[in-house]
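Please take a moment with the sequence and the model before reading on. The paragraphs that follow lead from one part of the chain to the next.

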Amino acid sequence: KIKKFAFLVHPRDISDVSRRFWITRYLPDSVVETVIERLRGRFGFTVCSKFKVEKLNKKTEGYIIAVLLSGKQMMTLPINLVRQRILDTVLFAQNKLGVEIIGLGSLITSVTDGGKWLINTPQVKLTVTHGDTFGVAVAEEGIEKILDTCKFTPEKIKIAIVGAYGLIGREISKFLAKKRYPLILVEKTEEKVELIKNELKKINLEKYILIASTNLKDISNAEIIITATSHPGAILKPDYLKEKAIVYDIAQPMNVSPEIIKERPDIIKIDGAYVDINGIDLKFNMGPPKGTTFACLVETIMMALEEETDHHIGEIDEIYLEKTKEWARKYGFFHASFTGFGKPIFLEDFLTVS
């Protein structure tokens with residue numbers, strides 16, 4: 001019996017709705033927003049695609065299902081409404097499609113408390129992952145590649161992490177502190193600033209914190225900025241960025257807008273944690289370039305191939321992190337070639353970065 005999985009996504013903004021319902025591109029955003037907010041039950045989500053994966057004589061079958069709320073709606077509408085919409089989607093996947101593993105894309109992780117709320121809901125019987133564990137593995141691979149290609153050493157540069165206490169942000173903060181890079185850590189609240197400082201203190205790495213604050217302008221000293229927030233849109237401003245800064249943007253919705261690059265062509269924006277999926281046809285365009293997708297979806301695929309039955313929610317587990325790296329080597333899933341807003345980026349062309 002093939003183990004089935006589903007991966008939940010949502011429109012990053014209202015323009016994304018047209019990926020599934022083309023007619024909406026002819027309607028004002030405010031109309032589409034009002035309509036999708038009022039949907040209930042089976043109308044509140046849509047199955048975008050069904051596809052098969054075959055790797056090393058193993059097979060699985062997956063669905064991409066969109067919860068019809070934009071990133072902004074996910075974060076601003078009443079939490080009960082948002083969670084009910086997600087629960088309706090999960091139960092449909094479980095009870096109607098026979099799905100046994102579900103992956104949580106984008107802000108669905110944030111609004112379900114890293115997936116914990118779902119597994120504590122009695123009707124939910126399937127295995128849940130937020131997919132951020134492999135997200136960390138792929139992001140580390142991408143960041144290593146930037147550091148190696150640009151020959152950046154801890155003596156030469158400072159690195160800023162925006163969303164430093166998020167699931168992904170705190171792992172990357174520890175990863176870079178262990179490599180002795182001076183860090184500028186930015187979080188939304190003083191409480192989270194203290195939490196990330198304590199996290200590094202626990203492992204005797206606090207000396208690598210240059211600045212820890214709630215002020216986004218502090219990133220202006222950094223040569224590399226890593227964004228991993230659960231903010232529903234772009235938060236970086238052109239005047240916050242140092243000349244020739246490299247932004248590795250893991251957040252979905254993205255924390256960097258195309259307008260920044262138009263205004264500051266010296267800036268490099270790299271799409272963070274995209275994975276080369278070696279010819280798997282997802283049968284739906286979620287945004288990343290063809291032949292690539294988000295690390296969190298790949299983690300869900302690997303769990304299905306491996307017939308994993310443990311939940312992977314909440315804090316990132318170091319042992320499981322290593323396991324996802326092993327699976328990736330086994331199935332040939334690695335960081336995709338660098339792109340910025342889906343277009344190829346060649347870091348070698350920017351090696352004049354000082």
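Does Phe 294 count as buried or exposed? In this predicted model, Phe 294 has a relative accessibility of 11%, and because buried means under 20%, the residue counts as buried.

A search of the whole structure finds five aromatic pairs. In one of them, Trp 22 and Tyr 26 meet edge-to-face, with 6.3 Å from centre to centre and 85° between the planes, and both Trp 22 and Tyr 26 are exposed. Phe 294 belongs to another edge-to-face pair, formed with Tyr 274, in which the centres lie 5.6 Å apart and the planes make an angle of 75°. This pair links distant parts of the chain, since Tyr 274 is in strand β12 (residues 274-276) and Phe 294 is in strand β13 (residues 292-294), 20 residues apart. Like its partner, which is buried at 11%, Tyr 274 is buried, with a relative accessible area of 3%.

Rings also appear together with charged residues. Arg 42 lies over the face of Phe 92, at 4.4 Å from the ring centre, and Lys 145 is placed over the face of Phe 338, at 4.3 Å from the ring centre.

The next stop is helix α11, which runs over residues 318-331. What span should its 14 residues have? At 1.5 Å a residue they should span 20 Å, and the end C-alpha atoms are indeed 20 Å apart, so the expectation and the model agree. Within α11, the residues Tyr 320, Leu 321, Thr 324, Trp 327, Ala 328 and Tyr 331 are buried. They cover an arc of only 120° around the axis, and therefore they sit on the same side of α11. The face turned away from that buried side carries the exposed residues Ile 319 and Arg 329. The cover over the buried residues of α11 includes β2 (45-55), β3 (58-67), α6 (132-149), α10 (295-305) and β14 (334-335). After the helix comes Gly 332, whose phi is positive, near 80°.

Strand β2, which is part of that cover, also holds Phe 45, a residue that is buried with a relative accessible area of 4%. Leaving aside neighbours within four places in sequence, Phe 45 is in contact with Ile 65, Ala 66, Val 67, Leu 68, Asp 88, Thr 89 and Phe 92. Phe 45 and Phe 333 are 288 residues apart along the chain, and their C-alpha atoms are separated by 29 Å.

In soluble globular proteins, nonpolar side chains tend to be buried together. Here the largest nonpolar core has 75 residues, and those with the most contacts inside it are Phe 134, Leu 176, Ile 226 and Phe 333. The largest share of this core, nine residues, comes from α10. With neighbours within four places in sequence left aside, the contacts of Ile 226 include Ile 143, Ile 159, Ile 172, Leu 176, Tyr 248 and Ile 250. Apart from this core lies another, of 28 residues, among them Leu 8, Phe 92, Leu 104 and Val 111.

A last residue to find is Ser 30, which belongs to helix α1 (residues 29-38). Ser 30 counts as partly exposed, at 47% relative accessibility. Its C-alpha atom is separated by 8.5 Å from that of Ile 14, a residue 16 residues apart from Ser 30 along the chain.

Note on methods:
Residues numbered from 1 in each chain as written. Predicted model: local features only at pLDDT ≥ 70, side-chain atom pairs only at ≥ 80, totals over all residues. Heavy atoms only, no water. Phe/Tyr/Trp six-rings, centres within 6.5 Å; stacked < 30°, edge-to-face > 60°. Buried < 20%, exposed > 50% of the residue type's maximum accessible area, 1.4 Å probe, protein only. Helix = DSSP H or I, 4+ residues; strand = E, 2+ residues; numbered from the N terminus. Lys NZ or Arg CZ within 6 Å of the ring centre and 35° of its normal. Expected span 1.5 Å × (residues − 1). Arc of directions from axis to C-beta. Contact = heavy atoms within 4.5 Å. Core = buried A, V, L, I, M, F, W, Y, C linked by side-chain atoms within 4.5 Å.
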